Amino acid sequence: MNEDAFWQLIEDCRPTEPDPDAELLAAEVTERLAQSPLSLVIGFAEQLSRALYRLDRKEYGHNLSDDAFLYTRAAVVAAGRTVFDSVLQDPTVFTPYATDLIWAELLLYTPDRAYKRITGEEWDRDTRYSYESCSNIEGWVD
């Protein structure tokens, strides 16, 4: 899955109704991935981890706990490519996500849940980029 396909899937799965904590989005992404070849699930996991890694920067997360920062970055991804790109261009766009604690924790588990539905097994996922908070060393340099 390339970056454009990743963002298109997020966009296609975003509900039109309010979706606190991205529960509906996560469920729809999981459903679509579970109906796809395993290679797409793996590709989605790679693209998700890359997007989260790109947001793992000091200017966004300096006042949040590691978990809150991760879930807030996931919410930016859940908001779609336009919001994601806006945050990368202007860190102040991230502020409402952080101050209002807008989270999308469930989005983090979508590839794992789809993998299990396809294979019947737990996934010991190992993506190229870690999305854990503060793993992007370059993003935290003074």
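Helices are DSSP runs of H or I with at least four residues, numbered from the N terminus. The model is a predicted one, in which local features need pLDDT of at least 70, side-chain atom pairs count only at pLDDT 80 or more, and totals for chains, interfaces and linings use all residues. Residues are numbered from 1 along each chain as its sequence is written, and side-chain values use heavy atoms, without hydrogens and water.

**Exercise 1.** Determine which helix gives the most to the lining of the largest cavity.

*Solution.* On a 1 Å grid over the protein atoms alone, a cavity is a set of points where a 1.4 Å probe fits but cannot get out, and lining residues have an atom within 4 Å of a point.
1. The lining consists of Glu3, Phe6, Trp7, Gln47, Arg50, Ala51, Arg54 and Phe84.
2. At least two of these residues come from each of α1 and α3.
3. The greatest share, 4 residues, belongs to α3.

**Exercise 2.** Establish how the buried residues of α2 are placed around the helix axis.

*Solution.* Buried means under 20% relative accessible area with a 1.4 Å probe, protein chains only.
1. Helix α2 spans residues 23–34.
2. Its buried residues are Leu25, Ala26, Val29, Thr30, Leu33 and Ala34.
3. These residues lie on the same side of α2, because they cover an arc of only 155 degrees around the axis, taken from the directions from the helix axis to the C-beta atoms.
4. The elements covering them include α1 (3–13), α3 (38–54), α5 (66–78) and α8 (110–119), where contact means heavy atoms within 4.5 Å.

Terms used. Helix = DSSP H or I, 4+ residues; strand = E, 2+ residues; numbered from the N terminus. Expected span 1.5 Å × (residues − 1). Buried < 20%, exposed > 50% of the residue type's maximum accessible area, 1.4 Å probe, protein only. 1 Å grid on protein atoms, 1.4 Å probe; cavity = no way out; pocket = protein on both sides within 12 Å on 5 of 7 lines; lining within 4 Å.
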